[in-house]
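Hi,

Here is the structure I promised to pass on. Have a look at it first, and then read my notes below.

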Amino acid sequence: MEIDEIAARLLPQYWAVVLLCVAAPLVAITMLVAKQPPMYAASARIVSGNTVPASNAQAQALASQIQGIATGKTAAAEALTASGVKRNLNNFIASHISVAGLGGSQVVDLTVTDRNPKVAATLAKALAKEVVQSINRTGESGLSTTLNAIDQEIVRLSEQHGLAASQAAAN
């Protein structure tokens, strides 16, 4: 007996059961989705530097760095506080923040979702600001370290110059 023969025998007898098994899940899913409030997304575009990455791996590393900062508890909590919005921090980080790099460029899209479009826009702006400030602090700390090392070297060389000048004057 082949499958089409089995279907020809059983379908006329059990058509109601087959219809119920197909229709019931579709109706249940439709009702569940219809009751959910809409979700809004707001995006902020971040330029992570003024040099274009040399490879896709570097571009992905930049996007990963920004994702790490944006999904960190400090930046997310600061963004929530700055926005004046009360949300569960862990849920906000896990479910409402996404970061995507734009190809092989240094540009990264930061997207925040929320049930309120104004809140989504405010949170995206505040979180992008926190990310940019964090990136700038990291860059400035490296600059400060370099400037301090240069200052120490200038002091050392000035002392050597003064000692050599006094020895030359004595001779």
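Which residue in the turn of the hairpin formed by E2 and E3 has a positive phi? Gly 103 does, at about 65 degrees, and five residues lie between the two strands. Before you go further, keep in mind that this is a predicted model.

That hairpin belongs to an open sheet of three strands, ordered E1-E3-E2 and paired in the antiparallel sense. E1 and E2 stand at the edges with a single partner strand each, so one side of each has no neighbour in the sheet. From one strand to the next, the twist averages 20 degrees.

Now for the pairing itself. E1 (residues 40-47) runs antiparallel to E3, and eight bridges join them. E2 (residues 97-101) is also antiparallel to E3, with five bridges between them. If you want a residue to start from, try Val 108 in E3: Ile 46 stands opposite Val 108, and so does Gly 101. Another pair to look up is Ser 98 and its bridge partner in E3, Thr 111.

How many of the eight residues of strand E3 are buried? Eight of the eight are, so E3 (residues 107-114) is largely enclosed by the rest of the structure. You can follow this on both faces of the strand: on one side Val 107, Asp 109, Thr 111 and Thr 113 are buried, and on the other Val 108, Leu 110, Val 112 and Asp 114 are buried too. Note that Val 108, the residue opposite Ile 46, is in that second group.

On to the helices. H2 (residues 56-70) lies across E1, E2 and E3, and it runs at about 165 degrees to E2.

H3 (residues 73-83) is worth turning around on your screen. Its buried residues are Ala 75, Ala 76, Ala 79, Leu 80 and Ser 83. Looking down the axis of H3, you'll find them within an arc of 135 degrees, so they line one face of the helix. Thr 74, Thr 81 and Ala 82 are exposed, on the face of H3 turned away from its buried side. Just after H3 comes Gly 84, with a positive phi of about 70 degrees.

If you'd like a route through it all, start at the turn with Gly 103, go along E3 with its buried residues on both faces, and finish at H3 and Gly 84.

Cheers

Technical notes:
Residues are numbered from 1 along each chain as its sequence is written. This is a predicted model: local features need pLDDT of at least 70, side-chain atom pairs count only at pLDDT 80 or more; totals for chains, interfaces and linings use all residues. Side-chain values use heavy atoms; hydrogens and water are left out. Buried means under 20% relative accessible area, exposed over 50%, partly exposed in between (1.4 Å probe, protein chains only). Helices (H or I, at least four residues) and strands (E, at least two) are DSSP runs, numbered from the N terminus. Two strands pair if DSSP finds at least two bridges between them. Axes are lines fitted to C-alpha atoms, for helices over the stretch in contact, and angles run from 0 to 180 degrees between N-to-C directions. Contact means heavy atoms within 4.5 Å. The arc is that of the directions from the helix axis to the C-beta atoms.
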